[in-house]
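Subject: A structure for you to look at

Hi there,

Here is the structure I promised to pass on. Have a look at it first, and then read on for what turned up.

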Amino acid sequence: MSVGGSASATGGPKYGNGDDGPHRFLFGPVGLNAGYGWTSASEDGPGIRVGVHVPVPFVVLAQPDLYIQAPRRIVGGLDAGVGVSLIAAEMGRVAMPYVQVGSIGNGGSGWYTTQGFYRNTRNVSQAGRPVLRSSAWVPSVAYAAGGRRHTTHFFATGVPGEQLSRCDAFSNQVCEREDRWAAIVGVTVEWHRVRSQR
């Protein structure tokens with residue numbers, strides 16, 4: 001079991017979104033986290049973690065996450081796996097499948113990268129909204145500093161993507177594609193049970 005929090009700063013241009021006013025393409029995480037993970041009794045087995053990120057103050061946009069880590073022997077001794085993060089909200093269906101690869105030592109410290117693909121099918125069923133959907137590649141690099149009872153993750157993320165807008169309020173035909181981007185730096189701190197040695 002782990003609990004913690006994330007804070008980040010987002011940079012990049014601010015874009016117009018109709019009545020929503022100008023804001024950045026995507027924002028980094030700010031909120032509370034919780035998760036529970038299982039490891040195989042053998043190093044030849046996979047690991048699984050389920051978690052949730054609760055943005056502050058937008059509690060209704062809680063983001064569940066599922067991650068499956070591959071046995072080290074089949075990925076050359078690295079720590080690697082696949083996962084998906086979701087949001088199920090009235091105004092959008094958001095999903096980000098991702099791949100994570102790194103090298104984390106027995107003490108919980110090391111580097112890793114996360115490569116995600118974000119897609120927000122935002123307003124397909126909401127006629128009258130100008131933005132139809134958006135998508136982005138979300139590459140991150142991070143360093144985990146492990147301790148007996150906590151791990152601190154420092155990360156930097158780039159978000160190159162695009163936003164698609166409707167031709168009119170009564171169809172899903174796309175008449176405008178706009179390239180967008182954002183940059184994020186942040187930190188996540190997780191408190192967990194005393195770390196066991198592998």
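What pattern does the protein chain follow when read along the sequence? The answer is β-β-β-β-β-β-β-β-β-β. In other words, the chain has ten strands and zero helices. Please keep in mind that this is a predicted model.

**How the strands pair**

Start with strand S2, residues 31-39. S2 runs antiparallel to strand S1 (residues 2-11), and five bridges join the two. In this pairing, Gly5 stands opposite Leu32. S2 is also joined to strand S3 (residues 47-55), again antiparallel, by nine bridges. Here you can find Ala34 opposite Val52.

**The nonpolar core**

In soluble globular proteins, nonpolar side chains tend to be buried together. In this model, the largest nonpolar core has 19 residues. Phe25, Leu26, Tyr118, Ala136, Val138 and Val159 have the most contacts inside this core. The strands that give two or more residues to the core are S6, S7, S8, S9 and S10. Try clicking on Tyr118: leaving aside residues up to four places away in sequence, Tyr118 touches Leu26, Val94, Ala95, Met96, Ser134, Ser135, Ala136 and Val138.

**The chain as a whole**

Of the 198 residues in the chain, 36% are buried. Among contacts with a separation of 6 or more, 50% are between residues 24 or more positions apart. The accessible surface comes to about 11,300 Å², and 61% of that belongs to carbon and sulfur atoms.

**Salt bridges**

Side chains of opposite charge can pair when their charged atoms come close. The count here is four salt bridges, and these three are good ones to look up:

- Arg72 and Asp79 meet at 3.1 Å, N to O. Arg72 is partly exposed, because its relative accessibility is 26%, whereas Asp79 is buried at 7%.
- Arg177 and Glu162 meet at 3.5 Å, N to O. Arg177 lies in strand S10 and Glu162 in strand S9, so this pair ties together parts that are 15 residues apart in sequence. Arg177 is exposed, with a relative accessible area of 57%, while Glu162 is partly exposed at 22%.
- Arg180 and Glu178 meet at 2.9 Å, N to O. Is Arg180 buried or exposed? Arg180 counts as buried, because its relative accessibility is 3% and the cut-off for buried is under 20%. Its partner Glu178 is partly exposed at 27%.

Enjoy exploring!

Best wishes

Notes
Residues are numbered from 1 along each chain as its sequence is written. This is a predicted model: local features need pLDDT of at least 70, side-chain atom pairs count only at pLDDT 80 or more; totals for chains, interfaces and linings use all residues. Side-chain values use heavy atoms; hydrogens and water are left out. Two strands pair if DSSP finds at least two bridges between them. Helices (H or I, at least four residues) and strands (E, at least two) are DSSP runs, numbered from the N terminus. A nonpolar core is a set of buried Ala, Val, Leu, Ile, Met, Phe, Trp, Tyr and Cys residues joined through side-chain atoms within 4.5 Å. Buried means under 20% relative accessible area, exposed over 50%, partly exposed in between (1.4 Å probe, protein chains only). Contact means heavy atoms within 4.5 Å. Accessible areas come from the Shrake-Rupley method with a 1.4 Å probe; for residues, only the protein chains shown count as cover. A salt bridge is a side-chain nitrogen of Lys or Arg within 4 Å of a carboxyl oxygen of Asp or Glu.
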